[in-house]
Amino acid sequence: MNRSGAVPGPADDQEFMGQAMDEARAATSHGDVPIGAVIVRGGEVLARARNRREHTGDPTGHAEILALREAGERLRSWRLSDCALYVTLEPCLMCAGAIVLARVPLVVFAAPDPKAGAVISIAQVFEERGVNHHPKWRMGVARTESEAMLKAFFASHRAEAAD
């Protein structure tokens with residue numbers, strides 16, 4: 001485990017993505033899309049969050065936004081320049097923008113989001129020339145598990161709507 005203060009390397013990805021997956025599973029208990037996020041600094045988890053839009057009625061209640069807020073409060077700084085964000089689905093435009101603004105240097109996401117993802121899918125926010133920070137990213141850790149959880153969630157909601 002990386003305890004040096006540097007952002008985690010690929011060897012740490014399974015552990016931290018596993019914690020994000022735990023958060024994603026917990027989101028379904030209150031009817032939210034199963035997306036979880038964890039922010040890590042120097043091998044320590046600073047923040048854990050899950051989607052809470054349905055639970056709170058807050059349109060910004062995405063796992064990434066909530067985790068960024070918690071980490072910023074814990075560090076008493078909006079600059080998360082020595083942290084890594086683990087999230088179970090590719091961040092959307094809002095979340096990718098917030099990640100850039102928070103100066104997060106690394107984002108690890110499990111699965112792409114072809115409908116709303118803003119890292120590689122519908123936009124490439126981290127690659128935009130006009131932004132002042134360009135996070136590095138990795139994809140694929142726990143991808144199969146994340147995609148299966150999302151498919152099951154949406155299939156269940158479609159079945160409930162049909163009843």
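The following exercises, with worked solutions, concern helix H4, its neighbouring strands and a surface patch.

The model is predicted: local features need pLDDT of at least 70, side-chain atom pairs count only at pLDDT 80 or more, and totals for chains, interfaces and linings use all residues. Residues are numbered from 1 along each chain as its sequence is written, and side-chain values use heavy atoms, without hydrogens and water.

**Exercise 1.** Determine which residues of helix H4 are buried and what covers them.

*Solution.* Helices (H or I, at least four residues) and strands (E, at least two) are DSSP runs, numbered from the N terminus. Buried means under 20% relative accessible area, exposed over 50%, and partly exposed in between (1.4 Å probe, protein chains only). In H4 (residues 93–101), Cys95, Ala96, Ala98, Ile99 and Val100 are buried. Their cover includes helix H3 (63–75), strand S3 (84–89) and strand S4 (106–111), where contact means heavy atoms within 4.5 Å.

**Exercise 2.** Establish how S3 pairs with S1 and with S4.

*Solution.* Two strands pair if DSSP finds at least two bridges between them. Strand S1 (residues 36–41) runs antiparallel to S3, with four bridges; alanine 37 has valine 87 of S3 as its bridge partner. S3 and S4 are parallel, with five bridges, and valine 87 stands opposite phenylalanine 109 in S4.

**Exercise 3.** Locate methionine 139 and classify its accessibility.

*Solution.* Methionine 139 lies in strand S5 (residues 136–139). Methionine 139 counts as partly exposed because its relative accessibility is 32%.
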